[in-house]
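Please open the model in the viewer and keep the selection tool at hand. The stops below proceed from the whole chain to single residues.

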Amino acid sequence: MADAATSSHGLGLADTVELARELGRLPALLVVYAVDGADCSRGTGLSAPVEAAVNSLADEIAEQIADRHGAIGGA
C-alpha cells in the first residue's frame, strides 16, 4: 500500500480495497460505481451532464440492489 496517506481519507481505490483485504473486511462481491467529472473546482452544483449521469447511475444502483436482494432474500 502507498505510504503517502496519513489516514484512510488519503487512500485511492486500489489502496482502499487492499486495506479492506488486509483487515478481513473485503466483501465477496465488490461493485464500484464512479462518475468522472470534467471540472472539480468549486461551483454552485453539478453540471448538467454529471447530474444526468448521477441520476442514471442512482437508478441503475437501485435496480441492482433490488435484483441482488431478491436473489439473496428470495423475495
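How many helices and strands does the secondary structure of the protein come to? The answer is two helices and zero strands, where helices (H or I, at least four residues) and strands (E, at least two) are DSSP runs numbered from the N terminus. The model is predicted: local features need pLDDT of at least 70 and side-chain atom pairs count only at pLDDT 80 or more, whereas totals for chains, interfaces and linings use all residues. Residues are numbered from 1 along each chain as its sequence is written, and side-chain values use heavy atoms, with hydrogens and water left out.

**Whole chain**

Display the surface of the protein. About 6,300 Å² is exposed, and carbon and sulfur atoms supply 54% of that area; accessible areas come from the Shrake-Rupley method with a 1.4 Å probe, and for residues only the protein chains shown count as cover. Of the 75 residues, 9% are buried. Here buried means under 20% relative accessible area, exposed means over 50%, and partly exposed lies in between (1.4 Å probe, protein chains only).

**Helix H1**

Select residues 13-22, which form helix H1. The buried residues of this helix are Asp-15, Val-17 and Ala-20. Leu-19 also lies in H1, but counts as partly exposed because its relative accessibility is 26%. Measure from Leu-19 to Ser-8: these residues are eleven apart along the chain, and their C-alpha atoms are separated by 8.8 Å.

Next, show the side chains of Glu-18 and Arg-21. They meet in a salt bridge with an N to O distance of 2.9 Å; the term requires a side-chain nitrogen of Lys or Arg within 4 Å of a carboxyl oxygen of Asp or Glu. The structure holds one salt bridge. Glu-18 and Arg-21 are three residues apart in H1, so about one helical turn separates them. Glu-18 is partly exposed at 24% relative accessibility, and Arg-21 is partly exposed at 47%.

**The loop between the helices**

Move to Gly-24, just after H1, where phi is positive at about 70°. Continue to Pro-27, in the loop between H1 and H2. Pro-27 is partly exposed, with a relative accessible area of 42%. From Pro-27 to Val-17 the C-alpha to C-alpha distance is 9.7 Å, and the two are ten residues apart in sequence.

Val-32 lies in the loop between H1 and H2 as well, and is partly exposed with a relative accessible area of 47%. Add Leu-13 and Leu-30 to the selection: with Val-32 they make a nonpolar surface patch of about 270 Å². Patches are made of residues with over 30% relative accessible area and no salt bridge, joining like charges within 9 Å and nonpolar side chains (Val, Leu, Ile, Met, Phe, Trp, Tyr) within 5 Å.

**Helix H2**

Finally, select residues 48-73, helix H2. Which residues form a negative surface patch? They are Asp-59, Glu-60, Glu-63 and Asp-67; Asp and Glu count as negative, Lys and Arg as positive, and His and the chain ends are not counted. The place of a charge is taken as NZ of Lys, CZ of Arg, CG of Asp or CD of Glu. Glu-63 is found in H2 and counts as exposed because its relative accessibility is 54%.
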